[in-house]
Amino acid sequence: MQKKLYRSRNNRWLAGICGGMGEYFGIDPNIFCVLVIFIPGVNLLAYLILAIIIPIEP
């Protein structure tokens, strides 16, 4: 079965991107949240783009 990337309904911080990526890669979603917060640059823009592109978990 092929895995698909979705925004999480359970592990939400803002839009569920961190939770969805954590579930997809099988690691703690807080790691992705820390990357978004502490690494400056295009991360906020990338987060907003992912929130628009990635669908919500069915």
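Which residue just after H1 takes a positive phi? Select Gly26: its phi is about 75 degrees. Keep in mind during the tour that the model is predicted.

**Whole chain**

Show the protein chain as a cartoon. It contains three helices and zero strands, and reading along the sequence gives the pattern α-α-α. The radius of gyration is 11 Å, close to the 10 Å from the globule rule for 58 residues, so the chain is as compact as a globular protein of that length. Turn the C-alpha trace onto its principal axes, and the spans come to about 35 × 20 × 20 Å. Contacts between residues at least 6 apart in sequence include 49% that join residues at least 24 apart.

**Helix H1**

Next select residues 17–25, which are helix H1. Within H1, the buried residues are Ile17, Cys18, Gly19, Gly20, Met21 and Gly22. Display H2 and H3 as well, since the buried residues of H1 pack against both of these helices.

**The core**

Now select Ala15, Ile17, Cys18, Met21, Phe32, Cys33, Tyr47, Ala51 and Ile54. These nine residues form the largest nonpolar core. At least two core residues come from each of H1, H2 and helix H3 (43–53). H1 gives the largest share, three residues.

Center on Phe32, a member of this core. Leaving aside residues up to four places away in sequence, Phe32 touches Cys18, Met21, Gly22, Phe25 and Ile27. Of these partners, Cys18 and Met21 also belong to the core, while Phe25 and Ile27 reappear at the next stop, in the nonpolar surface patch.

Across the protein chain, buried residues account for 28% of the 58 residues.

**The surface**

Switch to a surface view. The protein chain exposes about 4,300 Å², with 66% of that supplied by carbon and sulfur atoms. Color Trp13, Leu14, Phe25, Ile27, Ile31, Val34, Leu35, Ile37, Phe38 and Ile39: together they make a nonpolar surface patch of about 1,000 Å². Select residues 29–38 to find helix H2, which contributes the largest share of the patch, five residues.

**Last stop: Leu14**

Is Leu14 of the patch buried or exposed? Its relative accessible area is 57%, and the cut-off for exposed is over 50%, so Leu14 counts as exposed. Leu14 lies in the segment before helix H1. Select Ala15 beside it for the other setting: Ala15 is part of the largest nonpolar core, whereas Leu14 is part of the nonpolar surface patch.

Note on methods. Residues numbered from 1 in each chain as written. Predicted model: local features only at pLDDT ≥ 70, side-chain atom pairs only at ≥ 80, totals over all residues. Heavy atoms only, no water. Patch = residues over 30% accessible without salt bridge, like charges linked within 9 Å, V, L, I, M, F, W, Y side chains within 5 Å. Areas by Shrake-Rupley, 256 points an atom, 1.4 Å probe, with all protein chains shown as cover. Salt bridge = Lys/Arg side-chain N within 4 Å of Asp/Glu carboxyl O. Helix = DSSP H or I, 4+ residues; strand = E, 2+ residues; numbered from the N terminus. Buried < 20%, exposed > 50% of the residue type's maximum accessible area, 1.4 Å probe, protein only. Rg over C-alpha atoms; globule rule 2.2 N^0.38 Å. Contact = heavy atoms within 4.5 Å. Core = buried A, V, L, I, M, F, W, Y, C linked by side-chain atoms within 4.5 Å.
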